[in-house]
Amino acid sequence: MSVEMRRQLFNLANLSLNELRAKWYDIFKSDPPYHKRRLLIRELAYQIQSLYYTNIPSKNEIANLIKIAEKEIIDKNDKVKYASGNRITIVPPIGTVIKKIYRNQEYFIKILEDNKIEYNGDIYKSLSAVAYKITGTKWNGKVFFGLVKDRKDLENNNLNIQSKKVG
């Protein structure tokens, strides 16, 4: 802990409520909340330390990091999962071949660049279009190919997707 930072932290206890509010305005560039003196000292001490130790994120940065972590998780296989409520959508990397068994028949698709899908030598714009081609009915393509899972499956590491990355 630097001498200057330590001096500032110890001086907080000697400041009046109005002086603490002025210090708050100097650091945060906003009016302080109408907290009691003790809470202002606590918040100011945190902020002073975060200024000296730049690796301590601010409360807003922490909140943003939590939001990002809830929406995006990268697992060991470089599959990106986007979380929404209790559902996880898995986005396979380019070059992944996915096998789908539908009515006792195997179907293979390949993930291409620009969100294109290759199936039976033809290129499709979406997984839903391929699912429609296979079944003859409209489907959510991510659901049909097993790319939407419950959060509990992620926690149990039970994703059970039959795919492999090719070249």
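Here are three short exercises with worked solutions on the structure above.

This is a predicted model, so local features need pLDDT of at least 70 and side-chain atom pairs count only at pLDDT 80 or more, while totals for chains, interfaces and linings use all residues. Residues are numbered from 1 along each chain as its sequence is written, and side-chain values use heavy atoms, with hydrogens and water left out.

**Exercise 1. Which side chains meet Arg 7 and Lys 99 in salt bridges?**

Step 1: Get the rule straight. A salt bridge needs a side-chain nitrogen of Lys or Arg within 4 Å of a carboxyl oxygen of Asp or Glu. The count by this rule is 2.

Step 2: Take Arg 7. Its partner is Glu 4, at 2.5 Å from N to O. Both sit in helix 1 (residues 3-12), 3 residues apart, or about one turn of the helix. Helices here are DSSP runs of H or I with at least four residues, strands are runs of E with at least two, and both are numbered from the N terminus.

Step 3: Take Lys 99. Its partner is Glu 106, and their closest N and O atoms are 3.4 Å apart.

**Exercise 2. Is Arg 7 buried, partly exposed or exposed, and why?**

Step 1: Look up the cut-offs. Buried means under 20% relative accessible area, exposed means over 50%, and partly exposed is in between (1.4 Å probe, protein chains only).

Step 2: Apply them. Arg 7 counts as partly exposed because its relative accessibility is 43%.

Step 3: Try the others. Glu 4 is partly exposed because its value is 33%, and Lys 99 is partly exposed because its value is 27%.

**Exercise 3. What kind of aromatic pair do Phe 144 and Phe 145 form?**

Step 1: Recall the rule. Rings of Phe, Tyr and Trp (its six-membered ring) pair if their centres lie within 6.5 Å; planes under 30 degrees apart are stacked, over 60 edge-to-face, and the rest tilted. That rule gives 5 aromatic pairs.

Step 2: Check the two rings. Phe 144 and Phe 145 are 5.0 Å apart, centre to centre, with 90° between the planes, which makes the pair edge-to-face.

Step 3: Look around them. Phe 144 and Phe 145 are both buried, and they join Tyr 102 and Trp 139 in one aromatic cluster. The charged end of Lys 100 sits over the Phe 144 ring, 4.7 Å from its centre (the rule: NZ of Lys or CZ of Arg within 6 Å of the ring centre and within 35 degrees of the ring normal).
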